[in-house]
Amino acid sequence: MKPLFPLLLASAIACASMETMAATDLILHNAKIYTAEPGQALQQAIAVENGKVLAVGSDAQILALKQPATRLIDLGGKVLMPGFIDSHTHLVKGGLQMHQANLNNQDMPLDELERQLRQWRDDGTARRGEFLSVGGVPTSYWDRIGELEQRFNHGEWATTPILLAGGDYHTGWANRALLARAGVDAAKVKALQGEERATIGHHDNGEPNGFLVDAGLYPVQALLPLASDAELLVALEDAQQHYHSLGITAWMEPLANENPGGDIHNDSLGVLPAYKALAAKGGLNAHVAALLMADSKATPTDLDQLDQVRQQFQGIANLSLPGIKVFADGVAEHPAQSAAMLEPYSNSGKNGELLFDPQGFARLVDAADARGWLVHVHAIGDRAVHESLNAVAYARKQRHSGIHHSITHLQMVTPGDFARFQALDVIAAMQLDWAAADEMSVDLVKPYVTAQAYQYMYPAHSLLSNGATIAGASDWPITTADPWKAIYQALTRKGPQGVLAPAEAVDRQTMFQAYTLNAARALQLDRQIGSLKPGKQADLIVLDRDVFQVSPEALGDTQVLKTYFAGREVFSR
């Protein structure tokens with residue numbers, strides 16, 4: 001693949017006035033500059049004025065803008081790009097997890113897990129009040145429920161409430177002491193109907209076994225003490241620093257009205273006060289598009305209450321609240337299988353759970369669209385994706401708002417829906433770090449879905465070839481926030497068990513656009529950021545290797561040397 005777009009001349013240089021030239025603050029030159037502007041070739045130099053891009057072009061053109069006070073940086077041929085953008089991350093939650101007990105989805109023998117839990121108990125890392133909590137637990141543990149019961153319901157753990165929270169944030173396991181605190185017993189299981197009963201794992205006699213999914217997990221999880229405002233602020237600061245080290249200068253926070261682990265109501269403020277506090281002391285050095293979660297069964301009148309929350313956080317530097325996030329379904333992996341599928345799971349004969357009523361959701365999307373709000377939908381299964389697109393189609397029939405709605409995750413999409421993304425102007429916010437042949441896809445999904453559904457797992461190429469806009473996303477801290485790991489995965493789709501749907505691989509240029517201009521569109525910030533166009537904010541990253549030429553393996557190990565936000569250095573390696 002050749003790394004250059006068709007050659008075009010850089011713009012916005014020749015007419016720079018002497019007054020403008022005198023204000024040139026920074027010039028970075030002798031570089032390979034990827035502007036992310038469609039059709040523009042690599043450039044050599046960039047000039048920054050008052051935190052914005054003044055001009056890009058050749059060394060000769062840009063160095064002509066130098067004035068006595070201009071700072072010059074010779075990049076020695078290194079690659080410079082726009083700051084990367086993550087179109088779906090739970091950033092504050094990730095910051096909290098940096099200080100909490102977490103397995104980071106790493107499987108380990110139960111003897112080792114117990115030793116680790118004992119250590120975390122003793123040093124306080126796992127303590128949440130009177131509870132012990134461990135996050136990032138790999139879902140492979142849910143195949144050993146009986147062993148978890150034997151180990152953590154007896155002896156030294158018998159009276160200690162323990163929660164093992166799945167790395168997918170949709171599943172978990174609670175020991176008997178915690179279930180008792182939550183009032184989860186055989187009577188509660190018996191009272192549940194239909195798909196609801198599947199949210200609480202149980203034995204044949206109705207006694208709960210500790211496994212919890214979605215609606216079964218959340219009330220148990222809510223017993224744990226929530227983070228204080230001070231803890232949320234520290235988590236945000238630490239997470240922002242982590243993101244700067246990865247070259248990420250903007251992100252979507254899709255559950256901004258959640259204090260991680262707590263219930264969400266229409267008047268919940270969640271992590272928004274932490275963002276406000278950081279901005280108030282001049283420390284929010286990133287663009288944040290914060291979405292408020294609307295209940296899956298919300299009605300248009302609920303938007304009035306959510307707007308009251310939005311109004312409390314208007315006018316905050318670098319913080320926008322462009323819309324809402326809604327869950328369409330859960331997860332596809334066995335044993336949860338709560339993702340909504342068009343064809344039933346082979347082991348259960350069930351189709352998972354669509355969390356909204358299609359007609360009601362269409363009215364909600366229409367009402368949000370009429371307000372100028374974007375709607376961002378969690379959809380894993382192909383039915384969830386299909387019905388989400390139907391809701392947007394209903395809104396598009398009412399008006400052409402110009403709002404870029406988005407669907408995230410997109411683990412399985414039926415081929416008939418590929419072209420609808422472009423037709424409906426719906427952005428595909430994809431976590432392509434997940435596109436690997438591993439235990440999750442091969443062992444926990446493939447045996448239970450149709451051959452066609454598995455063939456189109458994370459169908460990036462099919463969506464792209466049908467005109468869809470793909471935006472890069474991580475879903476951190478569920479998986480790594482590192483865009484370069486995800487880019488490698490998108491190119492190779494390799495995993496420990498082979499290659500997942502190899503026809504769905506995409507090229508690096510596609511992914512560079514996914515993490516820059518396309519992701520900016522998903523945040524409704526593409527007029528301000530996402531490319532190095534004169535007048536846009538100068539969010540820049542400098543890389544340690546030529547990402548246009550190195551192998552995919554080397555690409556995945558790319559390191560960010562410097563990160564600039566509004567022309568100011570916020571990270572240096």
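User: In this predicted model, which elements do the buried residues of α13 pack against?

Analyst: The buried residues of α13 pack against two helices and three strands, namely α12 (358-371), α14 (420-424), β17 (374-379), β18 (405-409) and β19 (426-430). Among the buried positions of α13 are Val-385, Leu-389 and Val-392, and also Asp-382, Glu-387 and Arg-396.

User: What span should helix α13 have, and how far apart are its end C-alpha atoms?

Analyst: A helix can be judged against a rise of 1.5 Å a residue; the 17 residues of α13 (residues 382-398) should therefore span 24 Å, and the end C-alpha atoms are 25 Å apart, which agrees.

User: How should I read the two faces of a strand such as β3?

Analyst: In a regular strand, side chains alternate between the two faces of the sheet, so each face is examined separately. In β3 (residues 45-49), 5 of 5 residues are buried. Ala-45, Ala-47 and Glu-49 lie on one side and Ile-46 and Val-48 on the other, both faces being covered.

User: Which strands are joined to β3 by bridges?

Analyst: Strand β1 (residues 26-29) runs antiparallel to β3 and is joined to it by 3 bridges; Leu-28 has Ile-46 of β3 as its bridge partner. Strand β4 (residues 52-57) is also antiparallel to β3, with 5 bridges, and Val-48 is partnered with Val-53 of β4. β3 and β4 form a hairpin with 2 residues between them, and Asn-50 in the turn has a positive phi of about 50°.

User: What is the strand order in the open sheet of 6 strands, and which strands stand at its edges?

Analyst: The order is β8-β9-β10-β11-β13-β12, and the pairing is mixed. β8 (127-128) and β12 (200-202) stand at the edges; each has a single partner strand, so one side of each lacks a neighbour in the sheet. β8 pairs with β9 (residues 131-137) in the antiparallel sense over 2 bridges, and Arg-127 has Leu-132 of β9 as its bridge partner. Helix α4 (residues 110-123) packs on this sheet, touching β8, β9 and β10 (162-166), and its direction makes about 130° with that of β9.

User: How does the radius of gyration of the protein chain relate to that of a compact globule?

Analyst: For 573 residues, a compact globule would have a radius of gyration near 25 Å; the chain has 24 Å, which agrees. Buried residues make up 61% of the chain. Among contacts between residues at least 6 apart in sequence, 75% join residues at least 24 apart. The chain comprises 21 helices and 25 strands.

Technical notes
Residues numbered from 1 in each chain as written. Predicted model: local features only at pLDDT ≥ 70, side-chain atom pairs only at ≥ 80, totals over all residues. Heavy atoms only, no water. Pairing = 2+ DSSP bridges. Helix = DSSP H or I, 4+ residues; strand = E, 2+ residues; numbered from the N terminus. Contact = heavy atoms within 4.5 Å. Axes fitted to C-alpha atoms, helices over the stretch in contact; angles between N-to-C directions. Rg over C-alpha atoms; globule rule 2.2 N^0.38 Å. Buried < 20%, exposed > 50% of the residue type's maximum accessible area, 1.4 Å probe, protein only. Expected span 1.5 Å × (residues − 1).
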